[in-house]
Amino acid sequence: MSSTLITRIGTLVTNDPALGDGSPLGLIEDAALVLDGGSVAWAGRAADAPDADERHDAGGRAVIPGFVDSHSHLVFAGDRTAEFNARMSGRAYSAGGIRTTVAATRAATDEELEANLTRHLDEALRQGTTTFETKSGYGLTVADEARALRIAARHTEEVTYLGAHIVPPDYADDPAAYVALVTGEMLDACAPHARWVDVFCEKGAFDEDQARAILTAGAARGLVPRVHANQLTYGPGVRLAVELEAASADHCTHLTQADVDALASGNTVATLLPGAEFSTRAEWPDARRLLDAGVTVALSTDCNPGSSFTSSVPFCIALAVRDMGMTPDEAVWSATAGGAAALRRTDIGRLAPGARADLAVLDAPSHVHLAYRPGVPLVREVWRRGARAA
């Protein structure tokens, strides 16, 4: 692969304070990048740029790392338009709506599920997402969970086993038997295809003891825990995530001071998912409280057909700035480097020498426009592994 010099960058977000202005974003004005072999070879001021085989003129536009969407549910069939319409007309959201998607997903063919997945991945790519995590959780049988993970693994290495999404209707009278299945035969079938294990620790889904058993069993098979935590109510999910050294606690909407303190004292990333609050008219997570406490925060879409049917990280950035107390700089960092931290990755979410050459060119002079101009399709180009992808 030949090297490429991207020059005349208006503002470059490197997420490396040592390269730029000393801020967490490591901003460089009038910048350039050299991409070589799928990686960043050099970053700095355009006036100091070395030669490369090819040259690409950014025309004064901003360049940012590709978005790292560390929480999505993209292996599914059907949609829940009727549920959304009813909710916007006054009905509250609960975990039970997942059963509608389970029924549609079980009925779909492998080809239908993969076509739907790739459609949403293409949609996300055009909006600047270059890395994504996705989960099972809409099959809830051994065969359906395993096939969801096999399909997902053809498109990303960040695959999460979420057999513990809800207790399916066929086990409604015996949830203990379903937990035994999730930690036994289903785990055996799914672990070879996944990197992560997740559980929806919430009223109406799985309680603390059930969640601990599921996460511990997954960890014993080499899967790293993540937790759907404290979305609908106050509960034990966040503290359980920290106790088990989970990579992330996701949602984090209803937090006590003890929850915040636990996150601040551990290495678990708080992944905030404002698309869910937007789509359910729920209380917004308090990002400011977490950031001021020193918690690492990621920002993600939670793209799913029930509670957050958006693949747009820029939309989530705008929501986080408008309604969650984040600054534009913090929101962009959380959607890039923060997402990488939630996936325990150091090769993505930044544009520094040695990092993967995943980036988005914005049709704007600054990353701040992502929040300043909500709803405007500002992503002009997307590069992945050093090559133009969209």
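These legends accompany close-up views of a predicted model.

**View 1. A salt bridge along helix α1 joins glutamate 83 and arginine 87.** A search of the whole structure finds 24 salt bridges, and this view shows one that sits within a single helix, α1 (residues 81-88). The side chains of glutamate 83 and arginine 87 come together at 3.0 Å, N to O. Because the two residues are four places apart in α1, about one helical turn separates them. An α-helix has 3.6 residues a turn, so residues three or four places apart point the same way. Glutamate 83 counts as buried because its relative accessibility, 12%, falls under the 20% cut-off. Arginine 87 is buried too, with a relative accessible area of 4%.

**View 2. Glutamate 133 and lysine 135 form a salt bridge.** Here the N to O distance between the two side chains is 2.7 Å. Are these partners buried or exposed? Both glutamate 133 and lysine 135 are buried.

**View 3. Glutamate 243 and arginine 212 meet in a salt bridge between two helices.** The side chains of this pair are 2.8 Å apart, N to O. The salt bridge links distant parts of the chain, with glutamate 243 in helix α8 (residues 237-243) and arginine 212 in helix α7 (residues 208-220), 31 residues apart. Glutamate 243 is partly exposed, at 46% relative accessible area. Arginine 212 also counts as partly exposed, at 24% relative accessibility.

**View 4. Five charged side chains share a network of salt bridges.** Which residues take part in this network? Glu157, Glu158, Arg195, Arg345 and Asp347 are linked in it.

**View 5. Arginine 288 in helix α11 has contacts further along the chain.** Helix α11 spans residues 287-292, and arginine 288 is partly exposed there, with a relative accessible area of 26%. Setting aside neighbours within four places in sequence, its contacts are Met324, Gly325, Met326, Thr327 and Glu330. For a sense of the geometry, the C-alpha atoms of arginine 288 and threonine 327 are separated by 9.0 Å, although the two residues lie 39 residues apart along the chain.

**View 6. Helix α9 has its buried residues on the same side.** In α9 (residues 257-265), the buried residues are Asp259, Val260, Ala262 and Leu263. They cover an arc of only 160 degrees around the axis, which is why they fall on the same side of α9. What covers these buried residues? The cover includes α8, β12 (248-251), β13 (269-272) and α11.

**View 7. Serine 308 is buried in a loop.** The loop in question runs between β14 (297-299) and α12 (313-323). Serine 308 counts as buried because its relative accessible area is 0%, under the 20% cut-off. Not counting residues up to four places away in sequence, serine 308 touches Gly275, Ala276, Ser279, Thr301, Asp302 and Cys303.

**View 8. Alanine 229 in strand β11 meets residues from other parts of the chain.** Strand β11 covers residues 224-229, and alanine 229 is buried, at 0% relative accessibility. Leaving out residues up to four places away in sequence, alanine 229 touches Gly237, Val238, Ala249, Asp250, His251 and Cys252. One of these contacts, aspartate 250, is 21 residues away in sequence, and its C-alpha is 5.6 Å from that of alanine 229.

Definitions and conventions. Residues are numbered from 1 along each chain as its sequence is written. This is a predicted model: local features need pLDDT of at least 70, side-chain atom pairs count only at pLDDT 80 or more; totals for chains, interfaces and linings use all residues. Side-chain values use heavy atoms; hydrogens and water are left out. A salt bridge is a side-chain nitrogen of Lys or Arg within 4 Å of a carboxyl oxygen of Asp or Glu. Buried means under 20% relative accessible area, exposed over 50%, partly exposed in between (1.4 Å probe, protein chains only). Contact means heavy atoms within 4.5 Å. The arc is that of the directions from the helix axis to the C-beta atoms.
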